[in-house]
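Here are some short exercises to work through with the model open beside you. Try each task before reading its solution.

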Amino acid sequence: MDARSHARRWWILAVIGVAQLMVVLDATIVNIALPSAQQDLGFSDGDRQWVITAYALAFGSLLLLGGRIADLFGRKIVFLVGAVGFAAASALGGAAANFEILVTARAFQGVFGALLAPAALSLLTTTFTDTKERAKAFSVYGAIAGAGGAIGLLLGGVLTEYLDWRWTLYVNLIFAALAFVGGALLLTRSARNRNVVLDVPGTLLVSAGLFSLVYGFANAESHDWDHAATWGFLIAGAVLLAVFSWWQTRSAHPLLPLRVLLDRNRGASFSAVLISGAGMFGLFLFVTYYLQASLGYSPVETGLAFLPMIGALMITATLATTTLLPRLGGRPIVTAGMALSALGLAWLTTLDLDSTFAGHVMPPLIVAGLGMGAIIAPAMNLATAGVAAEDAGVASATVNTMQQIGGSIGTAVLNTLAASAATDYLAGKDPRDPAVRAQAGLESYATAYWWSAAFFAVGVLISVLLYRRGATGAGHGDGAPTVHM
């Protein structure tokens, strides 16, 4: 890192934070706007999911390619291209005259998000090399990564209720402009790394594998698990990823070198991000359903209800990375975060139709937020600590991929389980009775919360088994060397 970047490093953090917030909140900001968009553009309930899925498919399947492109052509230029492309796609979506244009725009948002997200995280990794400053930077980044989904729900509700659903897309023009201008002024252009060669077979294998995996889980939401469009793509995805893993051991220039994955702390951190992504997106989705369908909250009230959780997440994200990680290492912090998150999700199963926000909803949300903050920021820090400069982009992309795939898996699995629970409850009862329907909804939400809690319980076990003892890696001076430009 040169002297110019070092002097402006905290401004660079602000620019990276804006870009990351834009990418993360776009996974949820459109959710609340969907009914209004559907009414305006006239598409069916069956088509509605593709407004969400198109973004997830493109983003999730191309992240590793985007990370390697950042390593190959330079992080600054890829960051700026990603910001401009994301803005253009958002403008297209906001102006969409029909369903096809809207879905196309969302797919292009995912494409450029797959360039922007790994470039942003690798810039953070290479800008902050001092242990204490790195901890502060990752506490901010981790808080944004964790809270972005909830912020998206709040912002989506405000924009839809007071302006128009199209502003859930147009608002990205503001974020992208800030990121582009800041990046152009503050970031230093690095020379093209001639040592990095694009692994074309590996790129095709992993992109097709991740696409098939995300598409298969997306189909599970609209089809049964025994439908060919579900299990066929899931099997294809698993086979393609297995072949990709084999190819990485043979390729002279692997897309995802195994050295990035095989460090114990890094592998544990990738697993933690995957699990927290599955549980977190499930929490956002079903608490939103509960607040609106069971308690009658407006979109804005629903978004505001997540603010205490966001505050708790930010507190532990900061405390965990700046104070606890250097002293304790990842194992006790991430393990405690998994346990707190599991407790918060299990607590949410006690909610009923008479629950109040202050007495019943807010306490478990705060507990879950405290847990997620203790998972995400330290895990993202350790997942990119000690990575060689030429691998910074692909390591950063792997972190984002884990969160995205976790969210896709969690949403599909939890939606299916929740729907089955509601169907089982309605068996033998009158589905026209509003009280019966309301209770069926509660049963479905409780099922989703229990399974989300189970995800985090598995995370406790994985964290205990995989993380090395003691203060290592990014949290301690004796760990792996930090990355320098």
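Helices (H or I, at least four residues) and strands (E, at least two) are DSSP runs, numbered from the N terminus. The model is predicted, so local features need pLDDT of at least 70 and side-chain atom pairs count only at pLDDT 80 or more, while totals for chains, interfaces and linings use all residues. Residue numbers run from 1 along each chain as its sequence is written, and side-chain values use heavy atoms, with hydrogens and water left out.

**Exercise 1.** Find the helix that holds Trp246, and decide whether this residue is buried or exposed, or in between.

*Solution.* Start with the helix: Trp246 sits in H10, which spans residues 228-248. Next, recall the classes: buried means under 20% relative accessible area, exposed over 50%, and partly exposed in between (1.4 Å probe, protein chains only). Trp246 has a relative accessible area of 46%, so it is partly exposed.

**Exercise 2.** Which residues line the largest cavity, and what is their character?

*Solution.* First, the term: on a 1 Å grid over the protein atoms alone, a cavity is a set of points where a 1.4 Å probe fits but cannot get out, and lining residues have an atom within 4 Å of a point. The largest cavity holds about 90 Å³ of space, a volume being the space filled by probe spheres set on the points, with grid points joined across faces, edges and corners. Its lining consists of Gln20, Val23, Val24, Ala27, Phe59, Phe281, Asn400, Gln403 and Gln404. Helix H2 (9-25) and helix H17 (392-426) each give two or more residues to this lining. Finally, sort by class: five are nonpolar, four polar and none charged, where Ala, Val, Leu, Ile, Met, Phe, Trp, Tyr, Cys and Pro count as nonpolar, Asp, Glu, Lys and Arg as charged, and the others, Gly among them, as polar.

Definitions and conventions. On a 1 Å grid over the protein atoms alone, a cavity is a set of points where a 1.4 Å probe fits but cannot get out, and a pocket is an open set with protein on both sides within 12 Å along at least five of seven lines; lining residues have an atom within 4 Å of a point.
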